[in-house]
Amino acid sequence: QVRLVESGGGLVQAGGSLRLSCLASGSILSINAMGWYRQAPGKQRELVATITSRGSTNYADSVKGRFTISRENAKNTVYLQMNSLKPEDTALYYCNADVYIGVYSRRDYWGQGTQVTVSS
């Protein structure tokens with residue numbers, strides 16, 4: 001079994017910063033892409049940013065230039081540095097990982113989410 005645990009969410013004023021972390025643990029052979037998604041009340045879950053095992057990144061247009069995704073492969077950890085936060089960034093942020101749990105067994109895992117609230 002694989003578990004993803006997010007941390008680092010909280011309440012911040014507009015213009016402030018937060019850093020989210022997500023640690024993957026369990027029966028992990030290797031991890032392909034890792035990423036962050038978010039879901040605001042009444043809205044669908046949307047991609048925020050992803051990063052491959054080699055460090056290639058992809059961002060939603062709404063966060064480009066403000067958010068930075070990074071990872072430490074040796075620690076099975078992905079981070080999301082969020083700067084210049086806006087009230088519209090308020091959401092529950094989920095970590096996602098594409099994990100090989102065996103040589104021919106690959107599955108997608110999600111964390112429970114961490115709340116980010118940005119006040120105006």
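## Starting with I69

Where is I69 found? Look in strand β7. Keep in mind as you explore that this is a predicted model.

Is I69 buried or exposed? With a relative accessibility of 4%, I69 counts as buried, because the cut-off for buried is under 20%. Leave out residues up to four places away in sequence, and I69 still touches M34, G35, W36, A49, T50, I51, T57, Y59, V78, Y79 and L80. Take T50 from that list: T50 and I69 sit 19 residues apart in sequence, yet their C-alpha atoms are 7.1 Å apart in space.

## The sheet around β7

Now zoom out to the strand that holds I69. In which order do the four strands of the open sheet line up? The order is β1-β3-β8-β7, with antiparallel pairing. The edges belong to β1 (2-7) and β7 (67-72). Each of these two has a single partner strand, so one of its sides has no neighbour in the sheet. On average, neighbouring strands here are turned by 15° against each other, if you ignore direction.

How many bridges join β7 to β8? There are six, and the two strands run antiparallel. Strand β8 covers residues 77-82. To see one of these pairings up close, find E72 and go across to β8, where T77 is its bridge partner.

## Over to Y37

Next stop: strand β4, which spans residues 30-39 and includes Y37. Why does Y37 count as buried? Its relative accessible area is 19%, and buried means under 20%, so Y37 makes the cut.

Set aside the neighbours within four places in sequence, and Y37 is in contact with R45, E46, L47, V48, T50, L92, Y93, Y94, N96 and W110. You've met T50 already: T50 is on the contact list of I69 and on that of Y37. Another pair to try in the viewer is Y37 and A60, which are 23 residues apart along the chain, with 9.8 Å between their C-alpha atoms.

## A patch on the surface

Let's finish on the outside. Which residues make the nonpolar surface patch of about 430 Å²? They are L29, V103 and Y104.

Of this trio, let's pick L29. You'll find L29 in the loop between β3 (18-26) and β4. L29 has 54% relative accessibility and counts as exposed, because exposed means over 50%. So there's a contrast to look for: L29 is exposed, whereas I69 is buried.

Definitions and conventions:
Residues are numbered from 1 along each chain as its sequence is written. This is a predicted model: local features need pLDDT of at least 70, side-chain atom pairs count only at pLDDT 80 or more; totals for chains, interfaces and linings use all residues. Side-chain values use heavy atoms; hydrogens and water are left out. Buried means under 20% relative accessible area, exposed over 50%, partly exposed in between (1.4 Å probe, protein chains only). Contact means heavy atoms within 4.5 Å. Two strands pair if DSSP finds at least two bridges between them. Axes are lines fitted to C-alpha atoms, for helices over the stretch in contact, and angles run from 0 to 180 degrees between N-to-C directions. Patches are made of residues with over 30% relative accessible area and no salt bridge: like charges are joined within 9 Å, nonpolar side chains (Val, Leu, Ile, Met, Phe, Trp, Tyr) within 5 Å. Accessible areas come from the Shrake-Rupley method with a 1.4 Å probe; for residues, only the protein chains shown count as cover. A salt bridge is a side-chain nitrogen of Lys or Arg within 4 Å of a carboxyl oxygen of Asp or Glu.
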